[in-house]
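Colleague: I'm new to this one, so could you walk me through it with a few questions and answers?

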Amino acid sequence: MRPARVVLVSGPEQFLADRAVRQLRDQLAAEDPSLEVNDLEADHYGPGELITLASPSLFAEPRLIRVSAVEKCTDAFLTETLEYLQAPADDTYLVLRHGGGVRGKKLLDALRGGLGDGIEVVCAELKKDTEKLDFAAAEFAAEGRRVTAGALRALVQAFQDDLSELASACQQLLSDASAEITEETVEKYYSGRVETNAFKVADAAIAGRQGEALILLRHALSSGADPVPIVAAFAMKLRVMAKISGARGGSGQLASQFGLAPWQVDRARRDLGGWNDEGLGNAIDLLATTDAAVKGAERDPVYALERMVTVVSRRGALR
C-alpha cells in the first residue's frame with residue numbers, strides 16, 4: 001500500500017482490505033495530522049456526494065475518502081466516479097473498496113486501464129496452507145522476531161479458518177512472548193485450539209447458546225486448553241462490544257475512533273444483539289473476577305470458567 005490519488009482495493013478478503021486501507025490512513029495522517037477522513041457507501045450513494053467531499057476546503061487540508069461496497073454501487077456513483085477520474089482533485093485520496101462480482105466492471109476496467117492514474121491493491125482470499133504460512137511468517141518478520149517453522153505450522157493449523165484470528169494470534173504472541181516463538185510457545189497460548197478454540201466458546205456464549213458454549217468449553221478443557229487464553233478470548237470480544245455499544249457512525253468512522261478494524265466493528269454490532277449496558281457491565285465485572293480465578297485466586301478455575309460462560313450466555317443476567 002502506498003499513497004495515490006485513487007486506490008482500488010479489490011478482492012474478497014475483507015481482513016486484508018481493512019488492513020490496507022488502515023495502513024494508507026496511518027501513512028497519510030503521519031504526513032499531515034490535519035487529514036480529513038470521510039466515508040461513503042457506494043450502495044447508498046446520492047448524486048453529488050463525491051464532488052462535495054472532494055471540493056477544496058477553506059484550510060486546504062488533505063482528504064481521504066473511503067468508499068465501501070463498490071460492488072453494489074448505484075448508477076449515480078458509477079457515473080460520477082468515472083467523471084471524477086478524468087481529473088482527480090489535488091490533495092485528495094480516493095479509496096474504492098470492491099469485494100468482487102461484475103457490478104461496477106466499467107469502473108474497474110477504466111481504473112485498470114490507467115484512468116485517474118491510480119493503483120490497485122488486490123486482497124485475494126488465502127486458501128492454501130502455504131499462503132497462510134507465508135502470511136504468518138511475514139507478520140513476525142515485519143517485527144524482526146524469530147519464529148520456528150513448527151510454530152508457524154501450529155498457528156496455521158489452529159487458526160486456518162479465519163485470517164483475522166490468525167493475525168490476532170500472531171500479534172498476541174509478538175506482544176506477550178519475549179523470546180524466540182516456538183511450537184511450545186504456541187501450545188502454551190493456544191493448546192486445544194485445533195479441536196475447539198476459545199473464540200468458538202466465546203461466540204456461542206455471547207450469542208446466548210449456553211448449552212453449546214458449555215459443551216465446547218468442556219471439550220476444549222479436556223483437549224488440554226489452558227483457561228487463561230479462554231478468558232482472554234472473552235475479554236477481547238466483550239471489550240470491543242462495550243466500545244461499540246451505543247456508538248453511532250459508519251464502520252470506518254468508528255474503527256478510526258476506537259483503534260479497531262472495520263470488520264471488528266461489524267462483528268461487535270452483530271454480537272450486541274440481545275445485550276444491554278447493564279448486562280455488558282455485569283459480564284465485564286465477572287470477567288475480571290474469572291481472570292483472577294484462573295490465575296490462582298480461586299481453587300477451582302474450571303468452575304470459574306463455567307460460571308463466566310453461564311452468565312455471558314444469559315447476556316450478563318446474574319440470575
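Colleague: Is S251 buried or exposed?
Modeller: Keep in mind that this is a predicted model. S251 sits in helix 12, residues 251–258, and apart from its neighbours within four places in sequence it is in contact with P262, V265, D266 and R269. Its relative accessibility is 18%, and the cut-off for this class is under 20%. So S251 counts as buried.

Colleague: Okay, next the nonpolar core. Which helix gives the most to the largest nonpolar core?
Modeller: As background, nonpolar side chains in soluble globular proteins tend to be buried together. Here the largest nonpolar core has 79 residues, and L155, F234, L238, W275 and V312 touch the most other members. The helix that gives the most to this core puts in nine residues, and it is helix 11, residues 227–244.

Colleague: And V312, which residues is it in contact with, leaving aside neighbours within four places in sequence?
Modeller: V312 is one of the residues that touch the most other members of the largest core. Two more from that group, F234 and L238, turn up among its contacts. Leaving aside those sequence neighbours, the full list for V312 is A205, I206, F234, L238, W275 and A283.

Colleague: How many residues are in the second, separate core?
Modeller: This core is separate from the largest one. Its members include A42, L53, V67 and A89. The count for the second core is 24 residues.

Colleague: Let's turn to helix pairs. How are helix 9 and helix 11 set relative to each other, and what is the handedness of their crossing?
Modeller: The axes of helix 9 (residues 198–206) and helix 11 come within 8 Å and cross at roughly 50 degrees. That angle makes helix 9 oblique to helix 11. In the contact, A198, F199, V201, A202, D203, A205 and I206 of helix 9 meet residues of helix 11 including F234 and L238. As for handedness, the crossing of helix 9 and helix 11 is right-handed.

Colleague: What about helix 5 and helix 6, at what angle do they pack?
Modeller: The axes of helix 5 (residues 129–141) and helix 6 (residues 149–158) are 9 Å apart, and their crossing is right-handed. The contact is made by D129, K132, L133, A136, A137 and F140 of helix 5 with L152, R153, L155 and V156 of helix 6. These two helices are oblique to each other, and the angle is about 120 degrees.

Colleague: Now the cysteines. Why is C73 not in a disulfide, and how many disulfides are there in the whole structure?
Modeller: A disulfide is a covalent bond between the sulfur atoms of two cysteines. The closest cysteine sulfur to that of C73 is in C123, and because it is 18 Å away, it is too far for a bond. C123 has its own closest cysteine sulfur in C170, at 17 Å, again too far for a bond. A search of the whole structure gives a disulfide count of zero.

Colleague: Last one, the backbone. Where is D117, the residue with a positive phi of about 50 degrees although it is not a glycine?
Modeller: D117 is exposed, with a relative accessible area of 67%. R315 also has a positive phi without being a glycine, about 55 degrees, but R315 lies in the segment after helix 15 (301–313). The place of D117 is the loop between helix 4 (105–112) and strand 5 (119–122).

Key: Residues numbered from 1 in each chain as written. Predicted model: local features only at pLDDT ≥ 70, side-chain atom pairs only at ≥ 80, totals over all residues. Heavy atoms only, no water. Core = buried A, V, L, I, M, F, W, Y, C linked by side-chain atoms within 4.5 Å. Buried < 20%, exposed > 50% of the residue type's maximum accessible area, 1.4 Å probe, protein only. Helix = DSSP H or I, 4+ residues; strand = E, 2+ residues; numbered from the N terminus. Contact = heavy atoms within 4.5 Å. Disulfide = S-S within 2.5 Å. Axes fitted to C-alpha atoms, helices over the stretch in contact; angles between N-to-C directions. Parallel < 35°, antiparallel > 145°, perpendicular 65-115°, else oblique. Left-handed = near helix turned anticlockwise from the far one by under 90°.
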